[in-house]
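Here are a few exercises to work through with the viewer open. Try each one before you peek at the solution.

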Amino acid sequence: MLGLVNLTSFAASHALLLDADGAHVLCVGIKASFDLPAGEAPVLSPDQEAVMLSPRHLADDPVCSLLREAELTLDHPGTDVVVNAVAHAPGGRAVARLPVSVQVGALPAEAVVSGQRFWQRQGS
């Protein structure tokens, strides 16, 4: 039986997957979780989030929004940076939309945050 001895401070997991030709491939994932104190450098979180072995959806319902994709896959050649955060409008005033951004090294990412949305069926 395969086992993984993790000597890091990070979360780690492994799985034996099959490639397109049916060959076994050992896939290992290592995941570091950091806290981002306002105005300070990132700090390694004391609570390391486990490597996601399967997708996670809102309210554990597969028809709801996808919160996190599985992290152990064969076609994952790079690094993912996932930011789970809460946005607050400047001065605490209500806004319809709020631009947000994060930068890791030289790689910036931008998004627009809006309030909760829902679909309502009209008619029959």
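**Exercise 1: the core**

Task: find the residues of the largest nonpolar core.

Solution: The largest nonpolar core consists of 5 residues, namely Ala 11, Ala 15, Cys 27, Val 51 and Leu 72. Keep in mind that this is a predicted model. Next, pick one core member, Ala 11, and list its contacts, skipping residues up to four places away in sequence. Ala 11 then touches Asn 6, Gly 29, Ile 30, Lys 31, Gln 48, Glu 49, Ala 50 and Val 51. Val 51, in that list, is itself part of the core.

**Exercise 2: the fold on paper**

Task: work out how many helices and strands the protein chain has, and write down their pattern.

Solution: Start with the count: 0 helices and 8 strands. Going along the sequence, that reads β-β-β-β-β-β-β-β.

**Exercise 3: compact or not?**

Task: compare the radius of gyration of the protein chain with that of a compact globule of 124 residues.

Solution: First, the reference: a compact globule of 124 residues would come in near 14 Å. The protein chain has 19 Å instead. Then look at the extents, where the C-alpha trace spans about 55 × 50 × 25 Å along its principal axes. Now check burial: 13% of the 124 residues are buried. Finally, turn to the contacts with a separation of 6 or more, of which 21% join residues 24 or more positions apart.

**Exercise 4: surface and charge**

Task: describe the accessible surface and the charge layout of the protein chain.

Solution: The accessible surface is about 10500 Å², with 56% belonging to carbon and sulfur atoms. For charges, take the 7 positive and 13 negative ones; their mean positions lie 15 Å apart.

Definitions and conventions: Residues numbered from 1 in each chain as written. Predicted model: local features only at pLDDT ≥ 70, side-chain atom pairs only at ≥ 80, totals over all residues. Heavy atoms only, no water. Core = buried A, V, L, I, M, F, W, Y, C linked by side-chain atoms within 4.5 Å. Buried < 20%, exposed > 50% of the residue type's maximum accessible area, 1.4 Å probe, protein only. Contact = heavy atoms within 4.5 Å. Helix = DSSP H or I, 4+ residues; strand = E, 2+ residues; numbered from the N terminus. Rg over C-alpha atoms; globule rule 2.2 N^0.38 Å. Areas by Shrake-Rupley, 256 points an atom, 1.4 Å probe, with all protein chains shown as cover. Lys, Arg positive; Asp, Glu negative; His and termini not counted. Charge placed at Lys NZ, Arg CZ, Asp CG, Glu CD.
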